[in-house]
Amino acid sequence: MKQGRPLITFVIALFAGALVLYFLISLWKTFQDPFTTTYTYSYTLNDSIQTEGLIIRDEQVLSGSGGIVDVTRGEGEKVGVNQTVALIYRDDQARQSQEQQEALRLEITQLQYALGQGEDVSSAAKLNDDILNAMVSLRTASAQQDFSDLEDQVLEVKGKVLRREYTYSDELSAESLTTRLQELETQYQTLRNQSYSAITQVTAPTSGTFSTLVDGYEGLINSESAGNLTPQALQDLLNQNPAGDSAAVGKLISSDKWYFAAVVTQEEGERLEQAGTLTLRFAGDFTQDISMKVEKVNQDGQGQAVVLLSSDRYLEQTTLLRRETAELIFNSRTGLRVPKSALRMVTTTSTDEETGETTETDTLGVYVVTAGRAEFKPVTILTEGDDFYVVQSVREDKKALRAGDEVIVQATGLYDGQLLLY
């Protein structure tokens, strides 16, 4: 036992020496690195709520019989009443026959367009100019992403080129093209009669927006029943995984107004109800901010509520969305982000020359490294996070705080104009 005491004493002394060495190293580093800095940058802080919810629309499933389905409408495309949204072919032969009909119809349209140009082509130069102008119009529309008249513009170019061919060719004439047009129309009508019973058209019973997504929620919830949702009922819907109609070719959204229902706390529901409107931002691929109206807030008396939001915008872009995580944004503040430890209160004293009265003024701001010196720049606080402030510069001259400024976070004895030693 007596032999163990020196060993214990040695271990204690070793630990004490290590602790002293640690403090000496820390003190040395303090003198070597007397201050720390960071850079300011533009930052937006949202006052918001994160939640999960369900998109609700008035939807009608469009069913089709067995066969080869060819959807003729794009996702989110507007469809008029009785317009075709899909073709169902009895077999592959019927599908090939339809493709031949489409090719014939396109060629017929081109010939009709070319013949409809008239016989007043006065010179090759004029015809070439017409072709060039038509191509420029097509190129301009493509560059501007304006495809509303794409088919007519393409036909105009093709028709003028075809017109040029038979104007300067002995083999092509208006008579020969008319004969060719009659032959194509006969072929087209024959194919159409042969495949009439082999192709079924699915038409829109009403006008609306077409979507290929049929997920099974169409029969579970609509705009009318959405107003009566309770937190538990909505949670049950979110927990379900309904199966869509396997025979459906798509669905028709019959109203431009759509809804987003989400479960929130009672306090959040009361705040949403008072706000009236807010900004919705989905967490998925669709990141466009959407202005939403608070339609209704249903509380269950147990600390939870359902908020029902509505919008009549971006329906065409959100047809594929259903169960979504979203951010409900009350307001946003944009400014410069600085650490809380960088903010300092500077007191300045001024004396009135007439009265001799002394006045002290407190100014909030940060110290910035400018040309090797500390420069004080006053700011105001817009909002705050856990460990940072979002601030705005008070000044607009060279004393203004700007993005990219090197702000002093930690230092002692700072003053405006102080020479900084690195």
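**A predicted chain of strands and its nonpolar cores**

In the hairpin formed by strands S12 and S13, 4 residues lie between the strands, and Gly301 takes a positive phi near 75°. The model that shows this hairpin is predicted. S12 covers residues 290-299 and pairs with S13 in the antiparallel sense over 6 bridges. One pair of facing residues is Gln299 and Ala305, the latter in S13.

S13 has a further partner. Strand S10, residues 258-265, runs antiparallel to S13 and is joined to it by 8 bridges. Ala305 of S13 is the bridge partner of Val264, and Leu309 of S13 stands opposite Phe260. Ala305 therefore faces Gln299 as well as Val264, while S13 itself, residues 304-311, has 7 of its 8 residues buried, so it is largely enclosed by the rest of the structure.

S10 is mostly covered too, with 7 of its 8 residues buried. Besides S13, S10 pairs with S2, in the antiparallel sense and over 4 bridges. Here Ile56 stands opposite Tyr259 of S10.

These strands lead to the nonpolar interior. In soluble globular proteins, nonpolar side chains tend to be buried together. The largest nonpolar core in this chain has 24 residues, and Phe260, Phe282 and Val307 are those with the most contacts inside it. Two or more residues come from each of strand S2 (41-56), S10, strand S11 (277-282), S12, S13 and strand S14 (323-339). Apart from this core lies another, of 14 residues, which includes Ile56, Tyr217, Leu237 and Leu308.

Phe260 gives a view of the surroundings from one residue. Leaving aside residues up to four places away in sequence, Phe260 touches a set that includes Glu52, Gly53, Leu54 and Ile55. Also among its contacts are Leu280, Phe282 and Met292, then Val307, Leu308 and Leu309, and finally Glu324 and Ala326.

Two open sheets can be traced elsewhere in the chain. One has 4 strands in the order S3-S9-S8-S5, with antiparallel pairing. Its edge strands, each pairing on one side only, are S3 (59-63) and S5 (78-79). Strand S8, residues 208-211, and strand S9, residues 248-253, run antiparallel and are joined by 3 bridges. Thr209 stands opposite Ile253 of S9.

The other open sheet has 3 strands, ordered S4-S6-S7, and its pairing is antiparallel. S4 (68-71) and S7 (199-203) are the edge strands, each with pairing on one side only. From one strand to the next, the twist averages 25°. Strand S6, residues 84-89, pairs with S7 in the antiparallel sense over 5 bridges, and Ala86 stands opposite Val202 of S7.

Some totals put these parts in the setting of the chain. There are 8 helices and 19 strands. Of the 422 residues, 35% count as buried. Among contacts between residues at least 6 apart in sequence, 74% join residues at least 24 apart. The chain exposes about 25200 Å², and carbon and sulfur atoms supply 49% of that area.

Technical notes:
Residues numbered from 1 in each chain as written. Predicted model: local features only at pLDDT ≥ 70, side-chain atom pairs only at ≥ 80, totals over all residues. Heavy atoms only, no water. Pairing = 2+ DSSP bridges. Buried < 20%, exposed > 50% of the residue type's maximum accessible area, 1.4 Å probe, protein only. Contact = heavy atoms within 4.5 Å. Areas by Shrake-Rupley, 256 points an atom, 1.4 Å probe, with all protein chains shown as cover. Core = buried A, V, L, I, M, F, W, Y, C linked by side-chain atoms within 4.5 Å. Axes fitted to C-alpha atoms, helices over the stretch in contact; angles between N-to-C directions.
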